[in-house]
Amino acid sequence: MSIEKKYLKTKNVCRTTFRIPSQAAGEAKTAFLVGEFNDWSMHATPMKRLKDGSFKVEVDLPIGASYQFRYLLDDDRWENDWNADTYCYSEFGNCENSVVEV
């Protein structure tokens, strides 16, 4: 998994690319990026499945904040990003969330 950040000169946002490699996705048919930036909506940010079986999505995030997130695969498997900037416990205390800082 990976996160790539590109800070835009003309806007106060960071174009952030989230990727799930094929080995992490396994046999998953769908993947969604779920986090604070989309009010934890499970289906608001679908990820595109690429030919090699990996998934990718780009999101513009306002600069100067950190955002908790997770990946939802096939509507039943939650995954963290192996390359997140940091991790924190969810407010429910039952798992850790990935965190991206922009």
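Which strand holds F18? F18 lies in strand β2. The structure described here is a predicted model, and this report starts from F18 before turning to the core, the aromatic rings, the salt bridges and two loop residues.

**F18 and its surroundings**

F18 has a relative accessibility of 0% and is therefore buried, the limit for that class being under 20%. Apart from neighbours within four places in sequence, the residues in contact with F18 are S2, I3, L33, M47, F55, K56, V57, V59, L61, F69, Y71 and V100. Two of these contacts, F69 and Y71, return below as members of an aromatic cluster that also holds F18. Y67 belongs to that cluster too; the C-alpha atoms of F18 and Y67 are 13 Å apart, with the two positions 49 residues apart in sequence numbering.

**The nonpolar core**

The largest nonpolar core has 21 residues. Within this core, the residues that touch the most other members are F18, I20, L33, M47, Y71 and V100. Several elements supply at least two core residues each: β2 (13-20), α1 (22-25), β3 (31-35), β5 (55-62) and β6 (66-73). F18 thus appears in two ways, as one of the core residues that touch the most other members and as a residue in contact with L33, M47, Y71 and V100, which are also on that list.

**Aromatic pairs**

A search of the whole structure gives four aromatic pairs. One of them joins F18 and F37 in a tilted arrangement, with 6.1 Å from centre to centre and 35 degrees between the planes. Because F18 is in strand β2 and F37 is in the loop between β3 and β4, this pair ties together parts of the chain that are 19 residues apart in sequence. F37 has a relative accessible area of 22% and so is partly exposed, whereas F18 is buried.

F18 also pairs with F69. The ring centres of F18 and F69 are 5.0 Å apart and the planes stand at 70 degrees; the pair is edge-to-face because an angle over 60 degrees falls in that class. This pair links distant parts of the chain, with F18 in strand β2 and F69 in strand β6, 51 residues apart. Both partners, F18 and F69, are buried. One aromatic cluster takes in F18, F37, Y67, F69 and Y71.

**Salt bridges**

Side chains of opposite charge can pair when their charged atoms come close. The count of salt bridges in this model is four. The table lists three pairs, among them one between D85 and K5.

| Pair | N to O distance |
|---|---|
| K6 and E4 | 3.7 Å |
| D85 and K5 | 2.7 Å |
| E79 and R77 | 3.2 Å |

How far apart in sequence are the parts that D85 and K5 tie together? D85 lies in the loop between β7 (77-79) and β8 (86-89), and K5 lies in strand β1 (residues 2-7), so this salt bridge ties together parts 80 residues apart in sequence.

The residues of these bridges can be placed by their accessibility. D85, at a relative accessible area of 37%, is partly exposed, and K5, at 28%, is partly exposed as well. In the pair of K6 and E4, K6 is partly exposed with 49% and E4 is partly exposed with 34%. In the pair of E79 and R77, E79 counts as partly exposed at 22% relative accessibility and R77 counts as partly exposed at 31%.

**Positive phi in the loop between β3 and β4**

The loop that holds F37 also holds D39 and W40. D39 is in the loop between β3 and β4 (48-49) and has a phi near 55 degrees, a positive value in a residue other than glycine. W40, found in that loop between β3 and β4, has a phi near 60 degrees, again positive in a residue other than glycine.

Is D39 buried or exposed? D39 has a relative accessible area of 71% and is therefore exposed, since the class begins over 50%. W40, at 35% relative accessibility, counts as partly exposed.

Definitions and conventions:
Residues numbered from 1 in each chain as written. Heavy atoms only, no water. Core = buried A, V, L, I, M, F, W, Y, C linked by side-chain atoms within 4.5 Å. Buried < 20%, exposed > 50% of the residue type's maximum accessible area, 1.4 Å probe, protein only. Helix = DSSP H or I, 4+ residues; strand = E, 2+ residues; numbered from the N terminus. Contact = heavy atoms within 4.5 Å. Salt bridge = Lys/Arg side-chain N within 4 Å of Asp/Glu carboxyl O. Phe/Tyr/Trp six-rings, centres within 6.5 Å; stacked < 30°, edge-to-face > 60°.
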